[in-house]
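Grab a pencil and work through these exercises with the structure open beside you. Try each task before you read its solution.

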Amino acid sequence: MGCGSGVLGIAAVRLGARAAVAVDVDPAAVAAARANADRNGVGRRVAVVVGDAAEGAASPGRYDLVMANMLSPELRAVAPAVAAGLAPGGVAVVAGLLVEQRFDVLAAYRALGLHEVGDPRTDEGWTAVVLSDLSRQIAGEV
Ligand SMILES: C[S@@+](CC[C@H](N)C(=O)[O-])C[C@H]1O[C@@H](n2cnc3c(N)ncnc32)[C@H](O)[C@@H]1O
């Protein structure tokens, strides 16, 4: 979600994902992501979609891995779509937030049952967090 150049979706399939859906509200980003997927030989495995991820543009589907790389208000806005799009046992990587925004963003995801797993990665004040639905795992759905 918020694919920009498409680098995360392209990397995912290059690293072994069967397929990826990349979504962005910006048509220029979508055009760049499509061109980059083709250039990297994965155009058939990376579906690039223009639309608002908060409105479910990347759905339908449930995914083992959902990555959202946006600013903090946008990360909060897409939280319901991230939660709805995660398959049981799936993992979400949420990135693009500043360290001081971490607790606000985490609260939006926690309210939807997604909790931080592992340690956050921080670089020059920017943080990425890894989230999963622990309740589904504890309930034995996974
Ligand atoms: C930080 S950039 C992503 C950069 C990307 N990871 C890359 O390396 O090129 C954030 C992107 O999120 C997109 N975006 C913001 N809000 C969005 C939303 N609600 N749905 C989809 N895309 C969104 C922006 O258009 C922008 O391209």
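Before you start, one term: two strands pair if DSSP finds at least two bridges between them. Keep in mind, too, that this is a predicted model.

**Exercise 1. Take stock of the whole protein**

Task: Find how many helices and strands there are in the protein, and check its radius of gyration against that of a compact globule.

Solution:
- Step 1. Count the elements: you should get six helices and seven strands.
- Step 2. Read along the sequence and write down the pattern, which comes out as α-β-α-β-β-α-α-β-α-β-β-β-α.
- Step 3. Look at the extent of the C-alpha trace: along the principal axes it spans about 40 × 35 × 25 Å.
- Step 4. Now the check. A compact globule with 142 residues would have a radius of gyration near 14 Å, and the protein has 15 Å, so the two agree.
- Step 5. For the inside, note that buried residues make up 32% of the 142 residues.

**Exercise 2. Follow the hairpin and its partners**

Task: Work out which strands pair with β7 (126-132), and in which sense.

Solution:
- Step 1. Begin with β6 (121-123). Three bridges join β6 to β7, and the two run antiparallel. Thr122 is the residue that stands opposite Thr127 in β7.
- Step 2. Go on to β5 (residues 115-116), which pairs with β7 in the antiparallel sense over two bridges. Here Glu116 faces Leu131 in β7 as its opposite residue.
- Step 3. Then take β4 (residues 86-98): it pairs with β7 over seven bridges, again in the antiparallel sense. Val91 stands opposite Ser132 in β7.
- Step 4. Back to the hairpin of β6 and β7, which has two residues between the strands. Glu124 is found in that loop, and its phi is near 50°, a positive value in a residue other than glycine.
- Step 5. Is Glu124 buried or exposed? Count the neighbours: a residue is exposed if 12 or fewer other C-beta atoms lie within 10 Å of its own. Glu124 has 6, so it is exposed.

**Exercise 3. Trace a crossover**

Task: Start at β1 (20-24) and describe how the chain gets to β2 (residues 46-50).

Solution:
- Step 1. Look at how the two strands sit together: β1 and β2 pair in the parallel sense over five bridges.
- Step 2. Pick out the opposite residues. Ala20 stands opposite Val46 in β2, and Ala22 stands opposite Val48.
- Step 3. Now walk the chain. From β1 it passes through helix α2 (residues 27-39) to β2, giving a β-α-β crossover that is right-handed.
- Step 4. Ask how enclosed β1 is. Four of its five residues are buried, so β1 is largely enclosed by the rest of the structure.

**Exercise 4. Compare two residues**

Task: Decide whether Val82 and Arg62 are buried or exposed.

Solution:
- Step 1. Locate them: Val82 is in helix α4 (residues 79-85), and Arg62 is in the loop between β2 and β3 (63-69).
- Step 2. Apply the cut-offs: 20 or more other C-beta atoms within 10 Å means buried, and 12 or fewer means exposed.
- Step 3. Val82 has 26 C-beta neighbours inside 10 Å, so it counts as buried. Arg62 has 12 other C-beta atoms within 10 Å, so it is exposed.
- Step 4. As an extra, try some distances. Arg62 and Val117 are 55 residues apart in sequence and 19 Å apart in space, C-alpha to C-alpha. Val82 and Leu98 are 16 residues apart along the chain, and their C-alpha atoms are separated by 19 Å.

**Exercise 5. Place the ligand**

Task: Explain why the ligand lies between the two domains.

Solution:
- Step 1. List the surroundings: 20 residues surround the ligand, and the closest are Gly2, Gly4, Ser5, Asp26 and Ala53.
- Step 2. Sort the shell by type, and you get 11 nonpolar, five polar and four charged residues.
- Step 3. See which elements contribute: α1 (7-14), β1 (20-24) and α3 (72-77) each supply at least two residues of the shell.
- Step 4. Draw the conclusion. Domain 1 (1-51) and domain 2 (60-142) both give residues to the shell, so the ligand lies between them.

Notes
Residues are numbered from 1 along each chain as its sequence is written. This is a predicted model: local features need pLDDT of at least 70, side-chain atom pairs count only at pLDDT 80 or more; totals for chains, interfaces and linings use all residues. A residue is near a molecule or strand if its C-beta atom, placed from the backbone, lies within 6 Å of it. Ala, Val, Leu, Ile, Met, Phe, Trp, Tyr, Cys and Pro count as nonpolar, Asp, Glu, Lys and Arg as charged, and the others, Gly among them, as polar. Domain bounds come from an automatic or database domain assignment. A crossover is right-handed if, with the strands pointing away from the viewer, the path from the first strand over the helix to the second runs clockwise. The radius of gyration is taken over C-alpha atoms; the globule rule is 2.2 Å times the number of residues to the power 0.38.
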